[in-house]
Amino acid sequence: MVKAAGYTAWTGVGKAYMVPLMLTVWARSEEPSFLFDLEGAGETQTVYAASLPDALTLLNQLAPTLQALAVTDQIAQAEPETMSVLADVLDKLYGRRRGQNGAVIQK
């Protein structure tokens, strides 16, 4: 239905089954120019923005949620090789040390 109304995908965040909320923003040349499709917990909410400034205002309001989704996506998509980088950052943050086997060394 979205494509039939002349919208094409403009941007989005989140992937099915990896995050609790997905956002897809669709665009077209006529007003309302932007359609925001928020999907989560088995329910979809649709919000329209008349113009680019309106869409950017809405994106700004959603920014904290979008940032959390982006981080969640990155963690969900991390490969085993990069998980050690995440573990290193968390270890540094919490002052932990690990032995050669990867186990946390208790203080």
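Let's start with strands S1 and S2, which pair in the antiparallel sense over five bridges. One place to look at is Thr 11, which stands opposite Val 25 in S2. Please keep in mind as we go that this is a predicted model.

Now follow S2 onward. S2 covers residues 22-27 and is joined by six bridges to S3, residues 34-40, and these two strands also run antiparallel. Together S2 and S3 make a hairpin, with six residues between them. If you want a landmark, take Ala 27, whose bridge partner in S3 is Phe 34.

Stay with that loop for a moment, since Pro 32 is found there, between S2 and S3. Is the peptide bond from Glu 31 to Pro 32 cis or trans? It is cis, and omega is near -5°. For background, most peptide bonds are trans.

Let's zoom out to the whole sheet. The sheet is open and has four strands, in the order S1-S2-S3-S4, with antiparallel pairing. Which strands stand at the edges? Those are S1, residues 8-13, and S4, residues 43-49; each has a single partner strand, so one side of each is left without a neighbour in the sheet. On average, neighbouring strands here are turned by 20° against each other, ignoring direction.

What about S2 and its surroundings? Five of its six residues are buried, so S2 is largely enclosed by the rest of the structure.

Here is a residue I'd like you to find on the screen: Asp 37, in strand S3. Is Asp 37 buried or exposed? Asp 37 is buried, and yet it has no salt bridge. The nearest side chain of opposite charge belongs to Lys 3, and that is 11 Å away. For a salt bridge we would need the charged atoms within 4 Å. So who does Asp 37 touch? Leaving aside neighbours within four places in sequence, Asp 37 is in contact with Met 22, Leu 23, Thr 24 and Trp 26, and also with Thr 44, Gln 45 and Thr 46.

Last, a word on confidence. The protein chain averages a pLDDT of 83, and 82% of the residues score at least 70. Where is confidence highest, and where is it lowest? The highest is in S4, at 93, while the lowest is in helix H2, residues 80-94, at a mean of 71. As a general reminder, where pLDDT is low, the predicted coordinates should not be read in detail.

Notes:
Residues numbered from 1 in each chain as written. Predicted model: local features only at pLDDT ≥ 70, side-chain atom pairs only at ≥ 80, totals over all residues. Heavy atoms only, no water. Pairing = 2+ DSSP bridges. Axes fitted to C-alpha atoms, helices over the stretch in contact; angles between N-to-C directions. Buried < 20%, exposed > 50% of the residue type's maximum accessible area, 1.4 Å probe, protein only. Lys, Arg positive; Asp, Glu negative; His and termini not counted. Contact = heavy atoms within 4.5 Å. pLDDT = per-residue confidence, 0-100.
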